[in-house]
Amino acid sequence: MKTFRLTAVSFIFAMICVMSGFAQAQAPAKIALVDTDAFYDTKEGIAKIINAYKSLETEFKPTQTELENGAKRLQALQAEIQKLQTQANDPNNKVPIDKNAAQAKVDEYERLQRDMKFKQEDAKARYEKREQALIGPIVDDIGKALGEFAKQKGYTMILDIGKMYNQRIVVFWENTPDITKEFVQYYNTRPAGTAATKPQ
């Protein structure tokens with residue numbers, strides 16, 4: 001997951017407003033805070049999204065291993081080429097350098113480098129497509145559940161302090177409750193299967 005997750009699906013809950021009729025709209029706003037970044041916490045986050053990322057990581061493990069092995073081979077070839085260059089430039093070196101063999105290593109390095117670049121870009125694109133298919137429906141479901149939770153608790157607005165902090169938005173929230181843990185517990189106890197996975 002760490003290898004590919006460059007543009008991972010993110011929660012866009014910077015501000016969630018819940019209005020339950022004109023009367024409630026006229027009442028003083030009841031505001032709460034939530035940190036959606038905490039939803040990803042492997043110990044205390046939302047189980048459904050954590051399990052989805054574990055599944056994604058397992059699915060792409062062979063690809064990740066292939067890329068890691070390719071990177072190791074590139075490093076080994078680079079070291080061999082540098083060694084040959086050092087020997088060729090050493091005036092005290094008595095061992096002749098096989099120029100054809102040296103060029104073959106350079107050609108192999110350049111070919112593998114091109115191949116690895118293509119595989120990395122392909123893996124990134126495939127990962128992001130599968131990530132959207134797996135995580136997207138869960139994100140949508142969490143958004144709906146957060147709206148339901150807000151209505152149940154009577155909140156007219158929920159501010160995502162995680163996103164605000166990341167975007168360096170400063171807000172004043174004295175005596176404003178942080179509902180993150182309460183919502184995570186609420187969501188984790190909901191019936192399974194509420195978010196359908198999109199087909200590949």
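Reader: How much accessible surface does the protein have, and what share of it belongs to carbon and sulfur atoms?

Author: This is a predicted model. The accessible surface comes to about 13,100 Å². The share of it that belongs to carbon and sulfur atoms is 53%.

Reader: What percentage of the residues count as buried?

Author: Buried means under 20% relative accessible area. The protein has 200 residues. Those that count as buried make up 33%.

Reader: Which pattern do the helices and strands follow along the sequence?

Author: The protein holds 6 helices and 3 strands. Read along the sequence, they follow the pattern β-α-β-α-α-α-β-α-α.

Reader: Of the contacts between residues at least 6 apart in sequence, what percentage join residues at least 24 apart?

Author: Take Val-34 as an example. Its C-alpha atom is 6.0 Å from that of Ile-161, although 127 residues separate the two along the chain. Across the protein, among contacts between residues at least 6 apart, the share joining residues at least 24 apart is 88%.

Reader: Is Val-34 buried or exposed?

Author: Val-34 belongs to strand β2, residues 31-34. Beyond its neighbours within four places in sequence, its contacts include Phe-39, Leu-146, Ile-158 and Ile-179. Its relative accessibility is 1%. The cut-off for buried is under 20%, so Val-34 counts as buried.

Reader: How are the rings of Phe-149 and Tyr-186 arranged as a pair?

Author: The structure holds 7 aromatic pairs. In this one, the ring centres are 5.1 Å apart and the planes stand at 55 degrees. Planes under 30 degrees apart count as stacked and over 60 as edge-to-face. The angle falls in the remaining class, so the pair is tilted.

Reader: Which helices does that pair link?

Author: The two residues are 37 apart, in distant parts of the chain. Phe-149, which counts as buried at 1% relative accessibility, lies in residues 99-153. Tyr-186 lies in residues 180-188. The helices are α4 and α6.

Reader: What class of pair do Phe-183 and Tyr-187 form?

Author: Both residues lie in helix α6, 4 residues apart, about one turn of the helix. Both are buried. Their ring centres are 6.1 Å apart and the planes are at 40 degrees, so the pair is tilted.

Reader: Which residues do ring pairs link into a cluster?

Author: The two pairs just described supply four members of it. Phe-39, a contact of Val-34, also belongs. The cluster is Phe-39, Phe-149, Phe-183, Tyr-186 and Tyr-187.

Reader: Which ring does the charged end of Lys-30 sit over?

Author: The charged end of Lys-30 is 4.9 Å from the ring centre. The ring is that of Tyr-155.

Technical notes
Residues numbered from 1 in each chain as written. Predicted model: local features only at pLDDT ≥ 70, side-chain atom pairs only at ≥ 80, totals over all residues. Heavy atoms only, no water. Buried < 20%, exposed > 50% of the residue type's maximum accessible area, 1.4 Å probe, protein only. Contact = heavy atoms within 4.5 Å. Areas by Shrake-Rupley, 256 points an atom, 1.4 Å probe, with all protein chains shown as cover. Phe/Tyr/Trp six-rings, centres within 6.5 Å; stacked < 30°, edge-to-face > 60°. Lys NZ or Arg CZ within 6 Å of the ring centre and 35° of its normal.
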